[in-house]
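This briefing is meant to be read beside the sequence and the coordinates. It takes up charged pairs, then a helix contact, then a buried residue and the sides of a helix.

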Amino acid sequence: VLALLEIVSTEGLQAASVRAVTRRAGCNEAILYQHFKNKDEMLREVFAEIMTSMAEDKEGLVEEHPQLTDAVTRWVETTYSFYDQHPDAFAYVLLASPPVVRSPSPLYGRMTRLFEELLDRTEPPAGKVLARDPVVLNMFRGQLLGIPRAIHFGSLEGPAIRHTAQVSKAILDLILTDAPSPSGSAPD
């Protein structure tokens, strides 16, 4: 599994043949087939295990009902901490091109649903509303993944966790909009 993650992270999914994975792991192909029926099963099972681990970290955060600002900061912090601790695993599930598992995958959707649930459990600051349309949620995902992507591909120095405050602010600026003024009242 570690050999698979390393190959996909550094060379891409196309380089992760059974032969390349077993050679990197220092074993023969028969060992791999003792654990997985075929390469596709190996790709899916490893993907599911990593995404499940990431989601479990986020589920605990959702259950805590933090304030919105804290919730977003902790979401970013949890994401970046995972990247810093497991860069190859993070790259495998979220940065690989082409993606290891194509959308729509319930595993990708689980993270989005958890973030939406987190937003549902928080109150925006006075005078603000949460922008919840799909475009904003996709922009949120792009902002969140931008730092690990830049570090992973060498255009930004890590660790990712040190960028938490700046990214959290950018996400809050994205998802919070001014509340509409009450009907009939004149603008200030």
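What follows describes a predicted model, grouped by topic.

The count of salt bridges in this model comes to 10, and three of these pairs are described below. After them come the crossing of helices α5 and α6, the buried residue T22, and helix α7 with its buried residues.

**Salt bridges**

- Side chains of opposite charge can pair when their charged atoms come close.
- R24 and E6 meet through their side chains in a salt bridge, with a distance of 2.6 Å from N to O. Because R24 belongs to helix α2 (residues 18–25) and E6 to helix α1 (residues 2–11), the pair ties together parts that are 18 residues apart in sequence.
- Both partners of this bridge are partly exposed, R24 having a relative accessible area of 36% and E6 one of 33%.
- The pair also belongs to a network of salt bridges, in which E6, E11 and R24 are linked.
- A salt bridge joins R110 to E59, and the closest N and O atoms of that pair are 2.5 Å apart. Here the link is between distant parts of the chain, with R110 in helix α7 (residues 106–120) and E59 in helix α4 (residues 39–63), 51 residues apart.
- R110 is partly exposed at a relative accessible area of 22%, and E59 is likewise partly exposed, at 30%.
- E117 is paired with R121 in a salt bridge whose closest N and O atoms lie 2.9 Å apart. The relative accessible area of E117 is 28%, which makes it partly exposed, and R121 counts as partly exposed at 30% relative accessibility.

**Crossing of α5 and α6**

- Helix α5 (residues 68–85) and helix α6 (residues 87–95) have axes that come within 5 Å and cross at roughly 115°.
- On the α5 side the contact is made by T79, F82, Y83, D84 and Q85, which meet P87, A89 and F90 of α6. Sorted by class, the residues in this contact are five nonpolar, two polar and one charged.

**A buried threonine in α2**

- T22 is a residue of helix α2, and with a relative accessible area of 3% T22 is buried, since the cut-off for that class is under 20%.
- When neighbours within four places in sequence are left aside, the residues in contact with T22 are C27, N28, E29 and L32.

**Helix α7 and its buried face**

- Helix α7 has 15 residues and reaches 20 Å from its first C-alpha to its last, which is close to the 21 Å expected at 1.5 Å a residue.
- Which residues of α7 are buried? They are Y108, M111, L114, F115, L118 and L119.
- Viewed down the axis of α7, the buried residues fall within an arc of 145°, and therefore they line one face of the helix.
- The other side of α7 carries the exposed residues P106 and D120.
- As for what they pack against, the buried residues of α7 meet the helices α4, α5, α6, α8 (134–152) and α9 (164–175), together with β1 (128–130).
- Helix α4 thus appears twice in this account, because the buried residues of α7 pack against α4 and the salt bridge of R110 with E59 also links α7 to α4.

Definitions and conventions
Residues are numbered from 1 along each chain as its sequence is written. This is a predicted model: local features need pLDDT of at least 70, side-chain atom pairs count only at pLDDT 80 or more; totals for chains, interfaces and linings use all residues. Side-chain values use heavy atoms; hydrogens and water are left out. A salt bridge is a side-chain nitrogen of Lys or Arg within 4 Å of a carboxyl oxygen of Asp or Glu. Helices (H or I, at least four residues) and strands (E, at least two) are DSSP runs, numbered from the N terminus. Buried means under 20% relative accessible area, exposed over 50%, partly exposed in between (1.4 Å probe, protein chains only). Axes are lines fitted to C-alpha atoms, for helices over the stretch in contact, and angles run from 0 to 180 degrees between N-to-C directions. Contact means heavy atoms within 4.5 Å. Ala, Val, Leu, Ile, Met, Phe, Trp, Tyr, Cys and Pro count as nonpolar, Asp, Glu, Lys and Arg as charged, and the others, Gly among them, as polar. The expected span of a helix is 1.5 Å times one less than its number of residues. The arc is that of the directions from the helix axis to the C-beta atoms.
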